[in-house]
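Please open the model in your viewer and keep the sequence panel beside it, since each stop on this tour begins with something to select.

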Amino acid sequence: MVKRNGTRRASRAARRAAAVAGLVLLTACGGGGNGTAIPPTATGTLEELAAKAHCEPKLRADAQDLRQANCTTDDGRYVLATFTTDRGQREWINEANDYGGSFLVGRRWVAVSDATVIAALRGRLGGMVESASPHHSGSGGSGGNENEAEHSGHRGS
């Protein structure tokens with residue numbers, strides 16, 4: 001009887017291991033859901049990433065910890081930024097979340113645009129997609145960064 005229970009346990013463990021291995025293979029080989037494979041996440045300088053994305057970068061910021069450029073391709077416009085630290089990247093993304101949009105995030109780089117552009121860009125750069133929604137929609141109230149004095153004329157006076 002002990003041998004029988006031991007065999008059942010071993011069989012269940014083998015089935016679980018096979019299921020996990022199958023899931024790992026599906027996840028690793030799966031594409032973006034539209035039949036296109038997602039490449040490994042790109043690495044490199046701002047210029048190297050821009051070249052992989054088929055963009056001629058227009059530099060906007062060239063600081064010690066951040067380089068940022070505007071890019072335009074056939075897919076649309078986006079901002080591409082590189083960082084010297086993971087913390088700097090996360091802080092930048094957290095601040096940019098206030099403006100909404102979609103983010104394509106790689107190791108110490110990020111691209112920001114609308115979801116369609118980011119999906120196309122992911123096919124060239126890999127990375128993970130993060131979406132943001134603005135904290136203030138502009139539909140009323142006095143939230144966000146609005147200055148009450150600047151908007152006093154909007155109250156029907």
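In what order do the 6 strands of the open sheet stand? Colour the strands separately in this predicted model, and you can follow the order β1-β2-β3-β5-β4-β6 across the sheet, with antiparallel pairing. Next, select residues 58-62, which are β1, and residues 128-132, which are β6: these two strands stand at the edges, and because each has a single partner strand, one side of each is left without a neighbour in the sheet. If you then turn the view to follow the strands, the twist from one strand to the next averages 20°.

Stay at the β6 edge and add strand β4, residues 101-106, which runs antiparallel to β6 and is joined to it by 5 bridges. To look at one residue pair here, select Phe103 together with Glu130 in β6, its bridge partner.

Now show helix α3, residues 86-96, which lies across β2 (66-73), β3 (76-83), β4, β5 (109-113) and β6, and which runs at about 170° to β4.

The last stop is Ser113, which you will find in strand β5. Is Ser113 buried or exposed? Its relative accessible area is 13%, which is under the 20% cut-off, so Ser113 counts as buried. Display its side chain along with the backbone of Arg77, and you will see a polar atom of the Ser113 side chain 2.6 Å from the backbone oxygen of Arg77. Finally, select Arg77, Tyr78, Gly101, Ser102 and Ile118, the residues that Ser113 contacts once its neighbours within four places in sequence are left aside.

Technical notes. Residues are numbered from 1 along each chain as its sequence is written. This is a predicted model: local features need pLDDT of at least 70, side-chain atom pairs count only at pLDDT 80 or more; totals for chains, interfaces and linings use all residues. Side-chain values use heavy atoms; hydrogens and water are left out. Two strands pair if DSSP finds at least two bridges between them. Helices (H or I, at least four residues) and strands (E, at least two) are DSSP runs, numbered from the N terminus. Axes are lines fitted to C-alpha atoms, for helices over the stretch in contact, and angles run from 0 to 180 degrees between N-to-C directions. Contact means heavy atoms within 4.5 Å. Buried means under 20% relative accessible area, exposed over 50%, partly exposed in between (1.4 Å probe, protein chains only). A polar contact is a pair of N or O atoms within 3.5 Å; within protein, one must be able to donate a hydrogen and the other to accept it, and residues adjacent in sequence count only if both atoms are side-chain atoms.
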